[in-house]
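Colleague: Please give me a close look at the metal site. After that, set it against the rest of the chain.

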Amino acid sequence: MRSAHGLIGGDPVEPMRLFPLRYPWAYAHVQQAKRNTWFPEEAPLHDDVQDWHERLSEEEHRAVEILLGFFNPMESMVTSNLLLALYPYLTAPEIRLYLARQAWEEANHTMAFEYVIKTLPVDRERVFGMLENHPAVMAKAAFQRQLTEEILQTGTDLHTTEGLQRFLRNMVGFFVILEGIFFYSGFAFALSFRRRNLLRGLNTIIDWVLKDESLHLSFGVHLIRTFLEEYPEVRTPALAGELREMIQKAVALEADYNRALLPQPILGMSAELLNAYVRYVADRRLEELGLGAQFHASNPLRWLAIEIDLPEQVNFFEARNVSYEVGRPRE
Ligand code: MN
Ligand code: FE
């Protein structure tokens with residue numbers, strides 16, 4: 001029998017008793033998430049509309065549509081995964097509290113991209129159609145969907161090592177690969193518009209989404225590490241190999257996507273440069289999972305360091321959080 005006091009295995013409908021905390025890092029993530037609250041309409045898009053008409057090329061229009069064509073549907077797929085695949089099994093109260101907060105943030109991202117899609121003169125049908133007709137978007141979406149369906153269709157028996165490993169693959173696939181690799185690649189591309197003083201409103205939204213996603217990633221890495229500590233039977237060399245393969249596959253999927261996004265360089269960004277960045281990011285994720293780097297790439301986008309890497313390096317969750325004591329909430 002599983003302990004009812006770990007990450008999983010508690011009564012799924014038992015009302016929450018949050019304190020004393022077992023996972024203070026999870027509660028710290030909830031508090032940080034509260035401080036990050038934002039609403040899409042706080043970012044005006046008037047200038048972006050003008051940029052679209054007056055300053056952006058046809059290639060740039062198309063690239064923004066491909067970006068939105070992936071980001072937008074992923075926001076609802078990640079929400080579904082949180083609520084349908086993860087929340088039923090993860091029963092620790094402070095973990096569920098964070099998942100509920102994250103689900104709100106993902107819903108907020110859905111509303112943010114809807115706001116962008118209805119305000120900018122993008123081809124709405126083309127953006128929404130990419131999930132059914134753009135091969136590189138479809139391939140990444142299928143990769144994610146399969147991980148959710150694996151849990152929904154076969155359920156997951158968390159009394160077996162196989163079930164636990166399936167559950168772990170889902171967490172790695174969403175927190176580390178989708179939120180920690182695919183999204184970072186998209187952020188890097190979007191932020192290259194701002195370097196040319198274009199689409200500043202959209203980039204303000206991207207800043208806010210990025211702040212949320214870096215917290216989701218941080219939470220996910222803590223969750224995965226804690227899961228591996230609680231269920232050491234899961235940590236087999238075969239599983240380590242599988243996770244490494246998943247990340248390599250993701251890097252290949254992203255490379256295809258970026259080649260479709262940037263058939264020619266625009267705004268000083270090429271598919272080659274962006275894919276080198278993806279390999280650099282993938283190495284960081286492998287290290288965070290304790291698997292060791294694969295690509296040994298250096299960061300080719302130095303200018304991004306401040307916008308993207310810094311918030312992660314300020315890893316205030318690693319150190320014991322001194323701003324509150326376990327069991328004695330201040331907020
Ligand atoms: Mn999101
Ligand atoms: Fe997220």
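Modeller: The account below starts at the metals and works outward to the helices, the loops and the chain as a whole.

Residues are counted from 1 along each chain as its sequence is written, while chains are lettered from A and ligands numbered from 1 in the order in which they are written. This is a predicted model, in which local features need pLDDT of at least 70 and side-chain atom pairs count only at pLDDT 80 or more, whereas totals for chains, interfaces and linings use all residues; side-chain values use heavy atoms, without hydrogens and water.

Four residues coordinate the manganese ion (ligand 1): Glu75 through OE, Glu106 through OE, His109 through ND1 and Glu213 through OE, at 1.9 to 2.3 Å. Donors here are N, O and S atoms within 2.8 Å of the metal (3.2 Å for Na, K and Ca); water is not among the atoms, so a site may look incomplete. Along the sequence, the donor residues of the manganese ion (ligand 1) follow the spacing E-x30-E-x2-H-x103-E. Glu106 also bridges the manganese ion (ligand 1) to the iron ion (ligand 2), and the two ions lie 3.3 Å apart. Because Glu106 sits in helix H4 (residues 93-119) and Glu213 in helix H8 (residues 200-230), the pair ties together parts that are 107 residues apart in sequence. Helices (H or I, at least four residues) and strands (E, at least two) are DSSP runs, numbered from the N terminus. Both Glu106 and Glu213 are buried. Buried means under 20% relative accessible area, exposed means over 50%, and partly exposed falls in between (1.4 Å probe, protein chains only).

Helix H8 also holds Gly220, which is buried at 0% relative accessibility. The C-alpha atoms of Gly220 and Val278 are 19 Å apart in space, with their positions 58 residues apart in sequence.

The loop between helix H7 (161-195) and H8 contains Asn197, and Leu199 is in the loop between H7 and H8 as well. Most residues other than glycine have a negative phi. Asn197, however, has a positive phi near 60°, and Leu199 has a positive phi of about 50° without being a glycine. As for accessibility, Asn197 is partly exposed, with a relative accessible area of 42%, but Leu199 is buried at 0%.

Ahead of the other metal-binding helix, Tyr89 occupies the loop between helix H3 (58-86) and H4. Its relative accessibility of 22% makes Tyr89 partly exposed. Leaving out residues up to four places away in sequence, Tyr89 touches Leu7, Ile8, Gly9, Ile151, Gly155, Thr156, Leu158 and Phe167; contact means heavy atoms within 4.5 Å. From Tyr89 to Asp11 the C-alpha distance is 9.3 Å, although they are 78 residues apart along the chain.

Helix H6 (residues 135-154) contains Arg145 and Glu149. Arg145 is partly exposed at 45% relative accessible area, and Glu149 is also partly exposed, at 30%. The C-alpha atoms of Arg145 and Ser80 are 9.9 Å apart, across 65 residues of chain. For Glu149 and Asn81 the C-alpha separation is 9.0 Å, across 68 residues.

Toward the N terminus, Pro20 is in the segment before helix H1 (24-35). Most peptide bonds are trans, but the one from Phe19 to Pro20 is cis, with omega near 0°.

As for the whole protein chain, there are 11 helices and 0 strands. The radius of gyration of the protein chain is 20 Å, close to the 20 Å that the globule rule gives for 331 residues, so the chain is as compact as a globular protein of that length. That radius is taken over C-alpha atoms, and the rule is 2.2 Å times the number of residues to the power 0.38. The C-alpha trace spans about 65 × 45 × 35 Å along its principal axes. Of the 331 residues, 55% are buried. Among contacts between residues at least 6 apart in sequence, 80% join residues at least 24 apart. The accessible surface comes to about 14,600 Å², with 53% of it belonging to carbon and sulfur atoms; areas come from the Shrake-Rupley method with a 1.4 Å probe, and for residues only the protein chains shown count as cover.
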